[in-house]
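Please work through the exercises below with the sequence and the coordinates open beside you. Each task is followed by a solution that proceeds step by step.

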Amino acid sequence: MTTPEGPDERQVPPPSPDAASADEPEVRGAEERDREHAAPVHAAAGPMERFVAAVTGTSVVVTILAFVSAMVVGALFIALSEEAVRESMGYFLARPGDALSAAWSVSAEAYGALFRGAVGGAYQLSETGTAAIPLILTGLAVAIPLRAGMFNIGGEGQVIAGGVVAGFVGFAVTGLPFLVHLPLAILAGILGGAAYGFLPGILKARTGAHEVITTIMLNNIAIYVTDYLLSTDRFRLEGRSDPISKTVEASAVLPRIFAGLRLHWGLLLVVVVAVAIWWLLERSTFGFELTAVGKNPDAARAAGMSTGRMIVLGLTLAGALAGLAGGAQILGLQQRITGGFSGGLGFDGITVALLGRGSVGGTVAAGVLFGALKAGGRSMQGATGTSLDLVVVLQALIILFVAAPALVRAIFRIRAQGPATGELAKGWGA
Amino acid sequence: MTTATPPDLDRRNRRFGIFALVLAAIAGAVFATGTAGVATTFQLNDVFGEPAYATLPAVVVPVAPTALFLALVIAGVGLYQAVRGFGDRATIVISVLLGLFVLAFLVWAARGQQLQVLALLRGTMRAAVPLALGALSGVLCERAGVINIAIEGQFLAAAFTAALVSSATGSPWLGLVGGILAGGLVGALLAVLSIRYRADQIVVGVVLIVLATGVTSFLTSQLLVPNPGLNAPDRFGAVTVPVLGDIPLIGPLLFRHSVTVYLMLLAVVVVQIALFRTRWGLRLRAVGEHPKAADTVGIRVLATRYRAVILGGMVAGIGGAYFTLDAAGQFSREMSGGRGFIALAAMLVGRYSPAGALGAALIFGFADALSTSLQILNVGIPSTLLLTAPYVVTILVVAGLVGRLRMPAADGQPYVKE
């Protein structure tokens, strides 16, 4: 929040340090739960209360309200960054209507363009789907380690590793039939990402190095190593000096679903992967152990589970999914590795997983939503000149409000009985 | 690490010892061979700045014998470590051996050329400024029991605001104040969300980074790009401390810097003393270790946490202002380039102490400066790969030397009064 001209976008009632004592009205004793055992907190309430709590306390309502709050704050950003609005601010006191109507029309125009760009027609829907494919995958790459109490910030590096390896197999291996080459390239991407997720996993399991730090460092390493690779003759496109690789062979390209639209068959891969991951997390022993390790590592260890194994497997699986995302971007969309092709997909995955609250269904829904925001944002930038960066601001605000349900409830004066914290990840000690 | 059981200690001894022997083998096999008769010159004088009163002679060393000697020392100490072990001092010993290894590497990398040692060390000091200040921010917050992962966001917010204010007013000092306030604002957001609304602190930290990235990038394209005059801040110039600045080597190294370097050193000293020698620091640490006990004796837990987190944000704000008012001279998107996370690593490596954070920041800063020096020397390693050095070093240090930490007991846990 750096904006010098907009301190008023904070809807938080500014709490003086002293006023911020624990006796807020919406905080109840029932929420004083043990951090390790997130038990349902409204078990003792009557059926009517439980119903009310289930509606007002659920993440769905909070999520929608978070979305609304984020849009309002985002509108302030749009309005304040617009020259015309700032000018009418100059005589705000004389004619407040001017400033307000200018602000309204500017932000309504931008949001309108955003909405039309996301769902306004077949082309727009295809763009939304295309953007959602990698987001769902990187979202799952964050959601899975979250189960084990780990925070995978390394999605970016894992996307790059997967994309580079998949792309390399795509252009360096020649003469294979489509049915062999494409699966091989996809598999290579998955393995590349998995290897890049395995590294922080084994480092954490063996030495206790925190994954937040190691994955961030690996992200930066991946960026520079890719730059290096793209400067070598083995990778670089002949006759080009900028960082761009040779073109993937036609036999390794993920084909498009509809002629003329960019949506590719990576969509099917995502659906299959999402179902498989749902089964793995919710129905398999692996998912149970992963969750157990996340909820209470000591108890899991006492029950004979290997926390180290879960740490390594969790991050490796996450890396595999992010690697698939990278592979799908290269094989389905770009067909060439470029410097910075990942474009923040790994970081977007964090916001997707947090909005999806770590569940598979939620992550898929959040991935589609943020895909729509991204596709709509691009079209908004073209139509109204409002920078695409606004989408990042919106995403951050949405997550901010979702991560602090108590804040949303305070803004909208909802009395809640749900858990007060949006606690997902663990601290340094995990 | 201090309470390792004997079998653990044995294994650790062996691991460290074998690690040292590998270092020695590399030094002996790579650095000491094929370089017979070649010498390396270490230039100790400031060849770019004003001349000092006295100049030091350049140190010329033959490459092969020096590298071989260093390899033998590393091997000898490593062997002792593997067989007998240095016990609690093993970490320090390994750090010294790593230092010797780096020296052997430098002797080899600059063979037949001149290495600007002073420029390298000055670069280390400058690179350490944001890292140490960011790590201090982390120390203040986490000692009080709030995890601050948002350092990167505080850097970006402060760097942007400092550039804007300095450009608009023409005063880098006002820019610095703006940066400090912006860092404090991000700190205040972190405080409100994690203390009052008890949101998950790591999540909030990451979200604040994304938010700061988004807002600064958005405002850069909407505001700074159309108005370049708003992104041309007046920068801090170098200030030479009288007398001290004229001492050879020490003078240019410590006393011929811009204000941000002095502020960083001052902040480390002040926070170190305040945390461990004052009542304020004792209370702050009590709140981070055992908030209930602190509450019982009348310390206001939440107020203490608010103050610590906002103060931490302001300290990181100085580090953020360094990017636009000192290092670069204009704001560009995501210009902090992950240094907020390296600062976080510096805090962990420094074990939540300001002095330790400075030491770690200097190590990471050295890796940063070294990659620049090596690009100038043209050692045959591609520059893009050299740029990974700070990150590789961070991983090695965090994995090898830090291990499992004793963090403040209540770190990351919201406090609810009964």
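The exercises that follow concern a predicted model, and they take up confidence, fold, core, strand pairing and backbone geometry in turn.

**Exercise 1. Confidence along chain A**

Task: Determine which helix of chain A has the lowest confidence and which has the highest, and decide where the coordinates call for caution.

Solution. Begin with the chain as a whole: chain A has an average pLDDT of 81, and 80% of its residues score at least 70. Next, go down to the helices, where helix H1 of chain A (residues 47-57) has the lowest mean, 50, whereas helix H6 of chain A (residues 155-172) has the highest, 96. Then look for stretches of low score: over residues 1-45 of chain A the pLDDT stays under 50, although the model has 72 contacts beyond four places in sequence for them. A second such stretch covers residues 417-423 of chain A, where pLDDT again stays under 50 and the model has 30 contacts beyond four places in sequence. Where pLDDT is low, the predicted coordinates should not be read in detail.

**Exercise 2. Describing the two chains**

Task: Set out the secondary structure, burial and contact range of chain A and of chain B, and test whether the radius of gyration of chain B agrees with that of a compact globule or departs from it.

Solution. Take secondary structure as the opening step: chain A has 16 helices and 0 strands, while chain B has 16 helices and 5 strands. For burial, 53% of the 430 residues of chain A count as buried, and in chain B buried residues make up 55% of 418. For contact range, consider contacts with a sequence separation of 6 or more: in chain A, 76% of them join residues 24 or more positions apart, and in chain B the corresponding share is 78%. As for dimensions, the C-alpha trace of chain B spans about 70 × 60 × 40 Å along its principal axes. Because a compact globule with 418 residues would have a radius of gyration near 22 Å, the 23 Å of chain B agrees with that expectation.

**Exercise 3. Domains and the nonpolar core**

Task: Identify which residues touch the most other members of the largest nonpolar core, and state which domains of chain B contribute to this core.

Solution. The largest nonpolar core has 276 residues, and B:Ala132 and B:Ala346 touch the most other members. This core takes at least three residues from each of domain 1 (6-112) and domain 2 (120-402) of chain B. The C-alpha centres of these two domains of chain B lie 30 Å apart. To see the surroundings of B:Ala132, set aside its neighbours within four places in sequence; the residues then in contact with B:Ala132 are B:Met264, B:Val268, B:Ala346, B:Ala357, B:Leu358 and B:Ala361.

**Exercise 4. A strand with two partners**

Task: Find which strands pair with strand S1 of chain B, in which direction each pair runs, and which residues are the bridge partners of B:Phe42.

Solution. Strand S1 (residues 39-43) of chain B is joined to strand S2 (residues 59-62) of chain B by 4 bridges, and this pair runs antiparallel. S1(B) is also joined to strand S3 (residues 114-116) of chain B, here by 3 bridges and in a parallel direction. At the level of single residues, B:Phe42 has B:Val59 as its bridge partner in S2(B) and B:Leu115 as its bridge partner in S3(B).

**Exercise 5. Positive phi and burial**

Task: For A:Gln335 and B:Arg351, locate the loop that holds each residue, give its phi, and decide whether the residue is buried or partly exposed.

Solution. A:Gln335 lies in the loop between helix H12 (307-334) and helix H13 (345-355) of chain A, and its phi is near 60°, a positive value in a residue other than glycine. Since burial requires 20 or more other C-beta atoms within 10 Å, A:Gln335, with 20, is buried. B:Arg351 is in the loop between helix H13 (339-349) and helix H14 (354-377) of chain B, and although B:Arg351 is not a glycine, its phi is positive, at about 50°. With 17 other C-beta atoms within 10 Å, B:Arg351 is therefore partly exposed.

A further positive phi, of about 55°, is found at A:Arg413, just after H16(A). The buried residues of that helix, H16 of chain A (residues 405-412), are A:Pro405, A:Ala406, A:Leu407, A:Val408 and A:Arg409.

Key
Residues are numbered from 1 along each chain as its sequence is written. Chains are lettered from A and ligands numbered from 1 in the order in which they are written. This is a predicted model: local features need pLDDT of at least 70, side-chain atom pairs count only at pLDDT 80 or more; totals for chains, interfaces and linings use all residues. A nonpolar core is a set of buried Ala, Val, Leu, Ile, Met, Phe, Trp, Tyr and Cys residues joined through C-beta atoms within 7 Å. A residue is buried if 20 or more other C-beta atoms lie within 10 Å of its own, exposed if 12 or fewer, and partly exposed in between; C-beta atoms are placed from the backbone. Domain bounds come from an automatic or database domain assignment. Two residues are in contact if their C-beta atoms, placed from the backbone, lie within 7 Å. pLDDT is the predictor's confidence in each residue, from 0 to 100. Helices (H or I, at least four residues) and strands (E, at least two) are DSSP runs, numbered from the N terminus. Two strands pair if DSSP finds at least two bridges between them. The radius of gyration is taken over C-alpha atoms; the globule rule is 2.2 Å times the number of residues to the power 0.38.
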